[in-house]
Amino acid sequence: MSIVANGTMPFSDVWSGYLIRAQSQLSPLNTRVVLLLLVNLPVLAIVLNILRQLVLPRKPNEPPVVFHWLPIIGSAAGYGNDPLNFFFKCREKYGDVFTFILFGRRITVALGSKGNNFVLGGKSIVFNAEDAYTHLTTPVFGKDVVYDVPNEIFMEQKKFVKVGLSTDNLRAYVGMIEEEVEEFLRTDTAFSAFQSGDVNEWGQFDALKALQAITILTASKTLQGQEVREGMDKSFAEIYNDLDGGFTPLNFLFPNLPLPSYRKRDIAHKKISDFYVNIIQQRRNGSTTDHEHDMIAALMQQNYRDGRPLKDHEIAHIMIALLMAGQHTSSATGSWALLHIAERPDISEALYQEQVKYFSNPDGTLRSMTFEELRQLPIMDSIIRETLRIHPPIHSIMRYVRDDMPIPGTLAAPQKDSTYVVPKGHYVLASPLVSQLDPQIWKDADKWEPTRWSDPEGVAAQAYKTYEDAQGEKIDYGFGAVSKGTESPYQPFGAGKHRCIGEQFAYLQLGTIIATIVRHMEIKIDQVPEHNYHTMITLPKTPRMISYRRRK
């Protein structure tokens, strides 16, 4: 044993010595008893957990708890592997409201349109998003933005972002996105069959990998600014991947593990934050020009209500949040859309002929689209809506409960004189995925069928109308009047005050990317892959290779 400078032994050596002496004093019989206890403690914990659920009565005003074998871990396996199946099975057994255990957290789920309204339409002082997500988002996005600030500050920041998403800016983005996609098709190695010019040569590309690259390139060219686009080299991609590695379910459940991926995340955040701050400082010094339509320019002109301007690091961190959030959701939706289009040659051909109809030049070539024209394409619009219905990027939206909250009578307990109460300290969860795939609402709910949106009196159109204009009800959350939309069964971008304000840009980006790919290439695939629910954003599993050839 070593001796430290003050003449005392280290604690570890003292503890080791104590264990050795204790072991020597135990008889062989006692040693076996201790070993048996250690081996059987997990079994005992499981037995006690089961007995507690079966024997002890639950409080009548609390939602039923989903039966689970393992204490603390709870229903993590069932929920994590297939949340949709988990939710539907629980709904069949417990109703629209129930609680499940997720690594020690008590999650109360409220399903259906009424459940969405209860959670997403709830007051932020009771159902708090910052408490639910800041441990995941702050290390990735950075301090003093999004969920690292009080809700009223976040609402101001959303208002600043909305200024950067002006109609004039969106108009400028369509041509920029189209040029970026065409350049990618001309230069990326996955599209060598397209580059050969041979209309009979077939090639293959990974749908998700291609859309991830295209999405980040087009977003950087438009929203992010020319300096960011020029910095999109191999080293930036590696740093971005390290930052992206900190945005996983593991980071959400366990925010402070001593793992290499966590350290890489923190180093990457510092590098990307410094990258943006350097761009901002160069602009303030007048070193760069020609950035009229990007988000950095818009944010540099904004002031909070108290008159103070946005600080450089706040602008940088908002830009990181936009880059990360937009890249994940749009690349996922874009890849799902292409996979379905590739599986349906009738839809693929109809989509191409729609462009021929609206954008043909006298010489037979196709001209570029405008922002206004893009949203007026019925087939393209239906494809994007249907893809978002069946594959919403986020299947679960959570809030932390700060005070006991009774659930409205529409979701009351089976007892007529009792109403469920969600206790303080629980989480509440809404799942737009469930309401968007509910067979009680949608015909052939699990089938990707864009034509369902063509019927102006159909369920799809009515659901979208409720989401889009909430029957005339508009609420100004501080960043402009938007529809509440919290009772709609269709909520691909969330609802309420945390509804995504990037919807218009997402539609523009997705529509332009899909249109540009389809007008240049025929695509096909035998089968659309299954969902991968082990990621923060719902992605297609491998294999997801799309076959393609240059259009004649």
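R91, D96 and D438 are joined in a network of salt bridges. The model is a predicted one. In total, the structure contains 30 salt bridges.

One of these pairs E156 with R305, with an N to O distance of 3.7 Å between the side chains. This contact connects distant parts of the chain, the two residues being 149 residues apart. E156 belongs to helix α7 (residues 151-164). R305 sits in the loop between α15 (295-299) and α16 (312-343). The partners also contrast in accessibility. E156 has 8% relative accessibility and is therefore classed as buried, the cut-off being under 20%. R305 has a relative accessible area of 62%, so R305 is exposed, the cut-off here being over 50%.

Two further pairs lie within helices. In helix α8 (residues 167-187), R186 and E183 are 3 residues apart, about one turn of the helix. Their salt bridge brings the closest N and O atoms to 2.8 Å. R186 is partly exposed because its relative accessible area is 48%, a value in between the 20% and 50% limits. E183 is likewise partly exposed, at 34%.

Helix α19 (residues 378-390) holds the second pair, E386 and R389. These residues are also 3 residues apart, about one turn of the helix. Their side chains form a salt bridge with an N to O distance of 2.9 Å. Both E386 and R389 are buried. In the α8 pair, by contrast, R186 is partly exposed, and so is E183.

Notes. Residues numbered from 1 in each chain as written. Predicted model: local features only at pLDDT ≥ 70, side-chain atom pairs only at ≥ 80, totals over all residues. Heavy atoms only, no water. Salt bridge = Lys/Arg side-chain N within 4 Å of Asp/Glu carboxyl O. Helix = DSSP H or I, 4+ residues; strand = E, 2+ residues; numbered from the N terminus. Buried < 20%, exposed > 50% of the residue type's maximum accessible area, 1.4 Å probe, protein only.
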